[in-house]
Amino acid sequence: MRLWHNRASPFVRKVRIAAREAVVAERIEEIEVMVSPVNVNSELAACNPLVKIPALQTDDGTVLYDSAVICEYLDGFNTGARMFPADQRRWQVLRLQALGDGILDAAVSRRYELAVRPPEYRWQGWLDGQMVKIRNGADVLEREVQDWGERFEIGQITAACVLGYLDFRFPEEAWRQLRPRLAAWYERIRHRPSVAATAPA
Ligand code: BEZ
């Protein structure tokens, strides 16, 4: 399998953590690509029409995207506890993943607005709107983290990627200040081998 990736992307991080949790990482060749919403990477465009990472080429040549699809595919190789449970908890798990993915969409959009858009075109109201989503979403994680126990399913994997990305790109947001339970959870989980090995760079 081949994974088009960039370590800065939190969506790529989801996949790289999932690959380690499913003990399939050593079967994946990683191809690093530079991505930008304004410069189309032709190598990536040739395999993913959306020109986005992560994209995973399976051994039969199919190219899968996006992170949720790739992670569920990798879970198929998992011989341990499933990241995507099939029982009635599945919808709670998918909901938590969607919450985390939504926070990440807002955070990455904010990052692009600040780092890519020329300053004269920057739209403060739009930046503020993204921050509302990030903060509201993190508040929900703070309320729900006490129910997670020792589980590390796709919802928790996504939450870890959210918190890692906030530390990486928005340290001034100091998300821990108002969210002590989430901070304690993340302090524990960031040392887990799959999480520690995939820290953004
Ligand atoms: C970033 O540099 O923050 C980034 C890179 C790729 C995808 C998403 C975010």
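Contact here means heavy atoms within 4.5 Å. The model is predicted.

**Exercise 1. The α6/α7 packing**

Task: Find which residues of α6 meet which residues of α7, and classify how the two helices cross.

Solution:
- Step 1. List the α6 side: Gln-156, Ala-159, Ala-160, Leu-163, Gly-164 and Asp-167.
- Step 2. List the α7 side: Leu-182, Trp-185, Tyr-186 and Ile-189.
- Step 3. Sort the contact by class. It has 7 nonpolar, 2 polar and 1 charged residues.
- Step 4. Take the geometry. The axes lie 11 Å apart, and the packing angle is about 95 degrees.
- Step 5. Apply the cut-off. Angles of 65 to 115 degrees count as roughly perpendicular. Therefore α6 is roughly perpendicular to α7.

**Exercise 2. The nonpolar cores**

Task: Describe the largest nonpolar core, then place Trp-185 among its contacts.

Solution:
- Step 1. Size the core: it has 48 residues.
- Step 2. Pick out the residues with the most contacts inside it. They are Ile-28, Leu-74, Trp-148, Leu-182 and Trp-185.
- Step 3. Name the elements giving two or more residues: α1 (10-21), α3 (67-75), α4 (90-115), α5 (124-144), α6 (154-169) and α7 (180-189).
- Step 4. Find the top contributor. α6 gives the most, with 9 residues.
- Step 5. Follow Trp-185. Beyond four places in sequence, Trp-185 touches Val-145, Trp-148, Phe-152, Gln-156, Ala-159, Ala-160 and Leu-163.
- Step 6. Look for another core. A second, separate one has 8 residues, including Ile-31, Cys-47, Ile-53 and Ala-55.

**Exercise 3. Cysteines**

Task: How many disulfides are there, and why do Cys-47 and Cys-161 form no bond?

Solution:
- Step 1. Set the limit: the two sulfur atoms must be within 2.5 Å.
- Step 2. Test Cys-47. The closest cysteine sulfur, in Cys-71, is 17 Å away, so a bond is ruled out.
- Step 3. Test Cys-161. Its closest cysteine sulfur is also in Cys-71, at 8.1 Å, which is too far for a bond.
- Step 4. Count. The total is 0 disulfides.
- Step 5. Check burial, which requires under 20% relative accessible area. Cys-47 is buried at 17%. Cys-161 is buried at 1%.

**Exercise 4. Thr-158**

Task: Is Thr-158 buried or exposed, and what does Thr-158 contact?

Solution:
- Step 1. Locate the residue: Thr-158 is in helix α6.
- Step 2. Read the accessibility. The relative accessible area is 0%, so Thr-158 is buried.
- Step 3. Leave out neighbours within four places in sequence. Thr-158 then contacts Lys-14, Gln-97, Gly-100, Asp-101 and Leu-104.

How values were computed
Residues numbered from 1 in each chain as written. Predicted model: local features only at pLDDT ≥ 70, side-chain atom pairs only at ≥ 80, totals over all residues. Heavy atoms only, no water. Core = buried A, V, L, I, M, F, W, Y, C linked by side-chain atoms within 4.5 Å. Buried < 20%, exposed > 50% of the residue type's maximum accessible area, 1.4 Å probe, protein only. Helix = DSSP H or I, 4+ residues; strand = E, 2+ residues; numbered from the N terminus. Axes fitted to C-alpha atoms, helices over the stretch in contact; angles between N-to-C directions. Parallel < 35°, antiparallel > 145°, perpendicular 65-115°, else oblique. Nonpolar A, V, L, I, M, F, W, Y, C, P; charged D, E, K, R; others polar.
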